[in-house]
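I opened my notebook to follow one strand pairing outward to the sheet around it. Here is what I looked up, in the order I went.

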Amino acid sequence: MTSSTSKRARPAYRCAECGWTTVKWVGRCGECQAWGTVSEDGPTASGPRTATVSPAREPARPIADIDVESARANPTGVGEFDRVLGGGLVPGAVILLAGEPGVGKSTLLLAVASNVADGALGPDGFESPRTVLYVTGEESAGQVRLRAERIGALSPTLLLAAETDLGTVLGHLEVTQPDMLIVDSVQTVASGQVDGAPGGVSQVREVAAALIAVAKERQIPTILVGHVTKDGSVAGPRTLEHLVDVVCQFEGDRHSRLRMIRAVKNRYGPTDEVGCFDLSENGIIGLPDPSGLFLSHAGAGVAGSCITVTLEGRRPLAVEVQGLVAPSPLNNPRRATSGVDSSRLAMILAVLQRHGGLRLADQDVYASTVGGARITEPASDLAAALALVSARGGRPLPGATVAIGEVGLAGDIRPVAGLDRRLGEAARLGFEHAVVPHGTGVKAPEGLRLVEAAHIRDAVEWAQSAGGRPLRAVDDE
């Protein structure tokens, strides 16, 4: 007997998050750096363990002969949700909807389930009422019924089951034969055949694999609700996001009515679309034109206010940026932000003081957005700078002014992507002036006058001359 045959197969250990393998157990994955995800995966085999199956269940066919009608998307009746999905629900598609607690995931899905059950989805959607199975593992059936009554989502073909056992959920699927399945949430359902508590790595993987297999076999569009971690990512194994077809992130500030849903992954449509919703006590309503939520004094001549147009995916949104500058009694003046990136604000203040001629080192500075909007893209730099210029002098900018541009550390104003779409949205909303980077070559829409600025000094001088006495006179007082 040779030494190679007498040597025992060593056990292998695999990371449940990324699949990294090692020959010994470690507490931290060497690939994804996750803690406590490495477990024994059985002995390492020297060769492949899967045998060839012949003949195949379905032979390979020319790609032109594949039927595409079964893969057409059906609208859900919620326009903003359909926008993100790429037109609606595809038969057999599995969608993972993640979001923080209380953001409105269950309310949105209950409205979607009611619309699908009623069949009122327009000429291209379902023509007759469909059976929808809504499985809730976090709330009782009575709690879901009360919410459905409040938002008007009671339908005779909307079936509700409060279950947390995977076998029982699969049994409900056998009995009801639904046309759509919603599981709220995947972390609360567990299988009795797998060790571990509900929400664990092994349980989530087993539940997701079983539900995905049923959805693909019976062509049932399925929506799984997922929890998120403290950093906003989907809880559970990373393989969950790879198994599903669509991963949607539901975002929103609990103190604001605005809710946004965006696709992080989408096999059936674009990933640069954003859906906007208004969450109220009567339910959740889609907002085809959400810019009004972010504007309070557009064109009203208020000092310390400037409008910018951001791009959420491919959708332009007008957002109002407000600034407040006041003398500070402290040795280290305060810098406070809400909805604005604090690091970018610090950079803008340095540029304004160094290249714009404004004295801000002894001033408290506050910057905020209206309506709970969050702006992170560099295109909002110029609007934040002009809002602070207006606040520093106590003089408003010209009525109906919008500012779009990135501010560099050298004081230059740089072009941004999608300027034509931003200007089109500004013209549609009735703005009269647009401060933009110099030399972009973009043609101004009708009714909108472009003010080109190559340097922050140009923008500051324009704001000073249009808003009243120069700011340097204020500094000298």
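Entry 1, a pair of residues. I started at Val247, which stands opposite Lys265 in strand 10. I kept in mind that this is a predicted model.

Entry 2, the strands behind that pair. How many bridges join strand 9 to strand 10? I found six, with strand 9 covering residues 246-251 and strand 10 covering residues 258-266. The two strands run antiparallel.

Entry 3, the whole sheet. I traced an open sheet of nine strands with mixed pairing, in the order 6-5-7-8-4-9-10-11-12. At its edges I noted strand 6 (158-162) and strand 12 (283-286), each of which pairs on one side only. From one strand to the next, the twist averages 20°.

Entry 4, helices on the sheet. I looked at helix 3 (residues 105-118), which packs on the sheet and touches several strands, among them strand 4 (94-99), strand 8 (222-226), strand 9 and strand 10. Its direction makes about 160° with that of strand 5 (132-136). Next I checked helix 4 (residues 141-151), which also packs on the sheet, touching strand 5, strand 6, strand 11 and strand 12. The direction of helix 4 makes about 150° with that of strand 6.

Entry 5, one arginine. I picked Arg147, which lies in helix 4. Is Arg147 buried or exposed? Its relative accessibility is 15%, and the cut-off for buried is under 20%, so Arg147 counts as buried. Leaving out residues up to four places away in sequence, I listed its contacts as Ser106, Thr107, Leu110 and Glu139.

Terms used:
Residues numbered from 1 in each chain as written. Predicted model: local features only at pLDDT ≥ 70, side-chain atom pairs only at ≥ 80, totals over all residues. Heavy atoms only, no water. Pairing = 2+ DSSP bridges. Axes fitted to C-alpha atoms, helices over the stretch in contact; angles between N-to-C directions. Contact = heavy atoms within 4.5 Å. Buried < 20%, exposed > 50% of the residue type's maximum accessible area, 1.4 Å probe, protein only.
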